[in-house]
Amino acid sequence: MTTTTAVTVLGLGNMGSAIAKTLVARGYRTTVWNRTASKNAPLVDAGATAAATAAEAVTASPLVVACLLDSTAVDEVLASVDSAVAGKVLVNLTSGSPAQARANERWAGERGAEYLDGKIMGDPPYIGTPNIMLPFSGSPTAFGAHEPMLRQLGTVAYHGEDAGAAAVEFMAQVAVGYEFLIGFLHTLRLVQAEGVDVAGFAERVAGSLAGYPPLLTSFGKAVKSGEYGPDLGSLDVQAALMDDMISHRESLGVEAVRMREVKELMDRRIADGHGDQGFSSLFELLAKRP
Ligand code: NDP
């Protein structure tokens, strides 16, 4: 580990502090700045240098990591470092949209800086461990040059030159999580209404998740090729179960909206003559209706 590499961290909230602390601990000469200066103290105690302004912090290092609340905060802080960023590599780890990432890249490019967008998937205590995932995109030269530092933070993946690609990955991964977890909560409601121990059920579901990776990859291949085998059985067979799933939920006073959506998609696909295909073929109906 080098002790000569200098890095600046802008933003010392929960996440920015975890990042700065990890970089200090791994031997990076770390300069920190936070809007509320009192948050500098623990980092200074750990060995970081506090800068009085964001522009001073940017001037201190060739590599600048920003981890702020949101894109509004990023815009405000970038505006204040406008004249200091030329020649720097700016790594923005603030959550935000692909469009914001692309706008930040343009902003940096117009000022002679290189831009990398990164997103953080995991909680602050996991920073510095492989259990936190960080997709990056943007300048390939900046990524190549600074990958060793970025790898100090967690498990890193590079998604290409489009600065928005890391945000696309982040938004999609987070969406999968929310979709899965809201379905899981609906099911816990059902299980509880039947008088079954929800904690025990949750443990059994956790134990069954190992069956999903092959299914996910086969769905990906089916969607990419447009060739839908009868995964999970044919839709003709699966649809026959759906009325029971819906009426079971309704009989227990449990929300059935998600099952009704699945049933409606299956019925439409069957009506289109694709009852021999599998669950993955519902993809064909998921574009937003005009
Ligand atoms: P915090 O609320 O703990 O910290 C927010 C940071 O943004 C603070 O440093 C705050 O400064 C700064 N800030 C807010 N508004 C402004 C502004 N207008 N100008 C300058 N600075 C500003 O958030 P986190 O550190 O937890 O999150 C940071 C980013 O990391 C977010 O984009 C979040 O989505 C992402 N993230 C966080 C995770 C988590 O579990 N915490 C998980 C994954 C991603 P001040 O101290 O002065 O208020």
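Q: What makes the approach of a ligand oxygen atom to the side chain of lysine 39 a polar contact?
A: An oxygen atom of the ligand lies 2.6 Å from an N or O atom in the side chain of lysine 39, and because a polar contact is a pair of N or O atoms within 3.5 Å (within protein, one must be able to donate a hydrogen and the other to accept it, and residues adjacent in sequence count only if both atoms are side-chain atoms), the pair qualifies. The model is predicted, with local features requiring pLDDT of at least 70 and side-chain atom pairs pLDDT 80 or more, while totals for chains, interfaces and linings use all residues. Residues are numbered from 1 along each chain as its sequence is written, and side-chain values use heavy atoms, leaving out hydrogens and water.

Q: Which atoms of asparagine 34 and leucine 12 face an oxygen atom of the ligand?
A: For asparagine 34 it is an N or O atom of the side chain, at 2.6 Å from a ligand oxygen, whereas for leucine 12 it is a polar backbone atom, at 3.2 Å. The protein covers 78% of the 900 Å² of accessible area (Shrake-Rupley method, 1.4 Å probe) that the ligand has on its own.

Q: Which residues around the ligand come nearest?
A: Met15, Asn34, Thr36, Lys39 and Ser95 come nearest, out of 22 residues around the ligand, a residue being near if one of its heavy atoms lies within 4 Å.

Q: How many aromatic pairs does the structure hold?
A: The structure holds four, where rings of Phe, Tyr and Trp (its six-membered ring) pair if their centres lie within 6.5 Å, with planes under 30 degrees apart counting as stacked, over 60 as edge-to-face and the rest as tilted.

Q: Why is the pair of phenylalanine 143 and tyrosine 158 called stacked?
A: The ring centres are 4.7 Å apart and the planes lie at 20°, so the pair is stacked. Phenylalanine 143 belongs to helix H6 (residues 140-151) and tyrosine 158 to strand E8 (residues 155-158), so the pair ties together parts that are 15 residues apart in sequence. Helices (H or I, at least four residues) and strands (E, at least two) are DSSP runs, numbered from the N terminus.

Q: How do you know whether phenylalanine 143 is buried or exposed?
A: Its relative accessibility is 7%, so phenylalanine 143 counts as buried (under 20%; exposed is over 50%, partly exposed in between, with a 1.4 Å probe and protein chains only). Tyrosine 158, at 30%, counts as partly exposed.

Q: What makes phenylalanine 180 and phenylalanine 184 a stacked pair?
A: Their ring centres are 6.3 Å apart and their planes at 5°, so the pair is stacked.
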